[in-house]
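Visitor: I would like a close look at one part of this protein, taken slowly and with the neighbouring pieces brought in as we go. Could you walk me through it?

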Amino acid sequence: MAQQSTSPALCLEYWQNKAVEWGQATTLASQQDVCLHLQQLKEFLQQIFQKLQHMRVTFFFLYLCMLKSPFGVVLHNCFFCFLLEESQRTLLQCLWCLYSAEPQNAIELKANGWIQSLIRHLISESETENNSFMKILGYTSEEYHSNVVKCMVSSLVTELRESCCNGIHMPKRFTPDRLHSLSVFCIPLVTCSEAAPLIEALLTCCEFGSGETLSADFLKAVDTALLQKKIGLQETVTIGLWLRYLPSLENATIHLIETVVSIPHFSPQEVESLVKDSLLPKASACHPHIFMIVGAIFRNILLESDGNLLVQTLIQMFTRSFLQALLFGEAQDKPPLKAFFPHSPQPLLMALLKHPSDVPSQVWPQHLLCIVETLKVAIEDKDNGGSQLGLFENWFLLVHCGDWVDIAAQQLIESKAETSEALLWLLAFYHHPNNENQQRTKLLAVARKVCDQLKVLFRSTTLSLSHLQTSLDLAEANSEESGAKYLFNQLFLNFLLFSAGGQVIAKDAVHLVSTSFDT
């Protein structure tokens with residue numbers, strides 16, 4: 001019989017004819033014929049796999065062309081015949097051997113395209129709806145699709161785990177080229193939810209040497225699927241993707257920024273929830289270089305947006321979540337704070353990173369004065385990489401810890417003491433660090449007058465919009481100074497929030513203030 005012949009040509013021709021016959025199966029007799037030949041087909045495929053391991057792809061496809069044999073028909077219809085994991089694994093191994101990590105000629109390029117097309121065809125529900133053989137076996141399109149993807153994933157995960165033991169690669173069994181080929185081979189599977197175990201197995205497989213083993217197209221496809229929420233990965237796997245593929249970390253950070261900025265009416269609680277769900281604070285607390293990259297993206301966006309308040313709020317929320325993850329995270333070997341803020345003076349860093357909730361409210365004024373004094377010293381420190389670098393780095397640290405700026409604005413309005421020049425300076429520096437001394441002096445003079453007027457109104461319980469008008473007119477007339485409108489806006493909003501009568505007129509007053517300063 002043909003299937004018993006030792007001639008490869010006769011075997012291939014025999015199974016080619018069988019595959020075509022089974023693809024057109026419409027009777028119970030055809031189903032019985034399949035069952036009778038399953039074991040022989042399995043043995044034939046194992047022979048093919050053994051030959052492929054020792055034959056170049058180019059030679060194999062030239063050989064098939066000489067035989068004028070559509071080998072794809074055999075493999076394709078075999079998937080409809082085999083719903084057993086062991087047999088499908090053999091089929092996948094055949095395809096895997098045929099795939100070239102670095103195609104050397106047109107034949108290998110065409111082979112790669114054919115394999116990718118076949119995989120897409122096999123996992124597409126629409127491609128299986130009219131298959132007569134599948135129907136005669138009693139499988140629906142959905143059942144077949146789910147089963148074939150699960151079997152493919154299980155087979156490939158098993159292959160990976162057999163080739164890696166305790167994170168140590170076994171080079172004789174699994175080479176970088178094979179790992180690269182497998183990652184490209186799996187690109188069509190990335191958006192299948194059933195493929196998550198396979199994606200995770202690939203991403204957690206350790207690398208060879210200093211270069212990236214996995215295909216960049218595969219890493220990009222996983223990143224896109226994550227951003228579009230078409231696949232869910234374990235937290236450690238997602239962080240691993242960010243570590244080995246920088247664009248994925250950049251995309252995750254930019255996606256968070258765009259989400260927050262595109263919907264300006266998010267509450268602080270909603271922003272904080274988005275930040276935590278992004279996993280960026282937790283990843284940053286474990287890996288200082290992730291924190292540095294995320295911080296650099298925040299910094300560039302903040303500069304490009306001219307100090308956008310939403311971006312500042314986002315950075316503040318990110319830092320708060322980051323510090324919580326750093327203090328209360330499960331990691332045993334926690335990096336020191338200096339690893340995350342290498343250019344920040346230690347006294348200023350410690351003062352700013354201490355959250356207001358951890359400091360008694362009666363100590364806030366002294367703590368704020370300490371922050372202002374250490375900040376001024378840090379800015380004027382010529383040894384800190386130059387005055388301009390020192391100014392920018394320390395301003396960005398202040399943005400990270402904006403909670404203390406909010407406390408300063410609150411203290412300016414609530415305090416019965418004389419308006420603090422130091423706290424006004426802190427607000428002015430926060431909203432525009434590049435102001436020259438003359439500009440800042442002028443802005444501080446106007447801010448003091450506005451603040452003094454608001455302090456007079458602070459304890460009044462019968463406020464009206466007309467009471468605020470004088471202060472608004474003064475502020476609006478001087479709001480062209482750099483950073484002025486943001487400073488005045490913060491003073492007025494804190495007045496409305498904390499004054500006895502401010503909440504009564506808050507709704508109309510907020511609209512008036514926002515209109516006056518166009519914020």
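Guide: Let's start with Lys-229, which sits in the loop that links helix 12 to helix 13. Please keep in mind throughout that this is a predicted model. Lys-229 has a phi near 55°, and that is a positive value in a residue other than glycine. Is Lys-229 buried or exposed? Its relative accessible area is 72%, and exposed means over 50%, so Lys-229 counts as exposed.

Follow the chain out of that loop and you come to helix 13, which spans residues 235-244. Here the picture is one of cover: 7 of the 10 residues of helix 13 are buried, so the helix is mostly covered. Which residues of helix 13 are the buried ones? They are Val-237, Thr-238, Ile-239, Gly-240, Leu-241, Trp-242 and Arg-244. The cover over these residues includes helix 11 (196-204) and helix 12 (216-227), together with helix 14, helix 16 and helix 17.

Let's take helix 14 from that group. The axes of helix 13 and helix 14 come within 5 Å and cross at roughly 115°. Because angles of 65 to 115 degrees count as roughly perpendicular, that is how helix 13 and helix 14 are described relative to each other. On the helix 13 side, the contact is made by Leu-241, Trp-242 and Arg-244. On the helix 14 side, the partners are Leu-246, Ser-248, Leu-249 and Ala-252. Sorted by class, this contact has 5 nonpolar residues, 1 polar and 1 charged. You may recognise Leu-241, Trp-242 and Arg-244 from the buried residues of helix 13.

Helix 14 (residues 246-262) also meets helix 17 (residues 288-304), and there the axes come within 10 Å and cross at roughly 45°. Helix 14 and helix 17 are therefore oblique to each other. The crossing of helix 14 past helix 17 is right-handed. From helix 14, the contact draws on Leu-246, Leu-249, Glu-250, Thr-253, Ile-254 and Ile-257. From helix 17, it draws on Ile-290, Ile-293, Val-294, Ile-297, Phe-298 and Ile-301. By class, the residues where helix 14 meets helix 17 divide into 10 nonpolar, 1 polar and 1 charged. Leu-246 and Leu-249 take part here, and they also belong to the contact with helix 13.

Trp-242 leads us on to another loop. Ser-278 touches both Trp-242 and Leu-256, leaving out residues up to four places away in sequence. Where is Ser-278 placed? It lies in the loop between helix 15 (268-277) and helix 16 (280-286). Ser-278 has a relative accessible area of 17%, and buried means under 20%, so Ser-278 counts as buried. A polar atom of the Ser-278 side chain lies 2.6 Å from the backbone oxygen of Val-275.

Leu-279 is in that loop between helix 15 and helix 16 as well. Leu-279 has a phi near 75°, a positive value in a residue other than glycine. Lys-229 was also described with a positive phi, but there the residue is exposed, whereas Leu-279 is buried with a relative accessible area of 9%.

One more loop belongs to this surrounding area. Thr-191 lies between helix 10 (176-185) and helix 11, and helix 11 is among the elements that cover helix 13. With a relative accessible area of 47%, Thr-191 is partly exposed. Its C-alpha atom is separated by 8.3 Å from that of Ala-221, although the two residues are 30 residues apart along the chain.

Stepping back to the whole chain, there are 28 helices and 2 strands. Of its 519 residues, 49% count as buried. Among contacts with a separation of 6 or more, 71% come from residues 24 or more positions apart.

Definitions and conventions:
Residues are numbered from 1 along each chain as its sequence is written. This is a predicted model: local features need pLDDT of at least 70, side-chain atom pairs count only at pLDDT 80 or more; totals for chains, interfaces and linings use all residues. Side-chain values use heavy atoms; hydrogens and water are left out. Helices (H or I, at least four residues) and strands (E, at least two) are DSSP runs, numbered from the N terminus. Buried means under 20% relative accessible area, exposed over 50%, partly exposed in between (1.4 Å probe, protein chains only). A polar contact is a pair of N or O atoms within 3.5 Å; within protein, one must be able to donate a hydrogen and the other to accept it, and residues adjacent in sequence count only if both atoms are side-chain atoms. Contact means heavy atoms within 4.5 Å. Axes are lines fitted to C-alpha atoms, for helices over the stretch in contact, and angles run from 0 to 180 degrees between N-to-C directions. Angles under 35 degrees count as roughly parallel, over 145 as roughly antiparallel, 65 to 115 as roughly perpendicular and the rest as oblique. A crossing is left-handed if the near helix is turned anticlockwise from the far one by less than a right angle, and right-handed if clockwise. Ala, Val, Leu, Ile, Met, Phe, Trp, Tyr, Cys and Pro count as nonpolar, Asp, Glu, Lys and Arg as charged, and the others, Gly among them, as polar.
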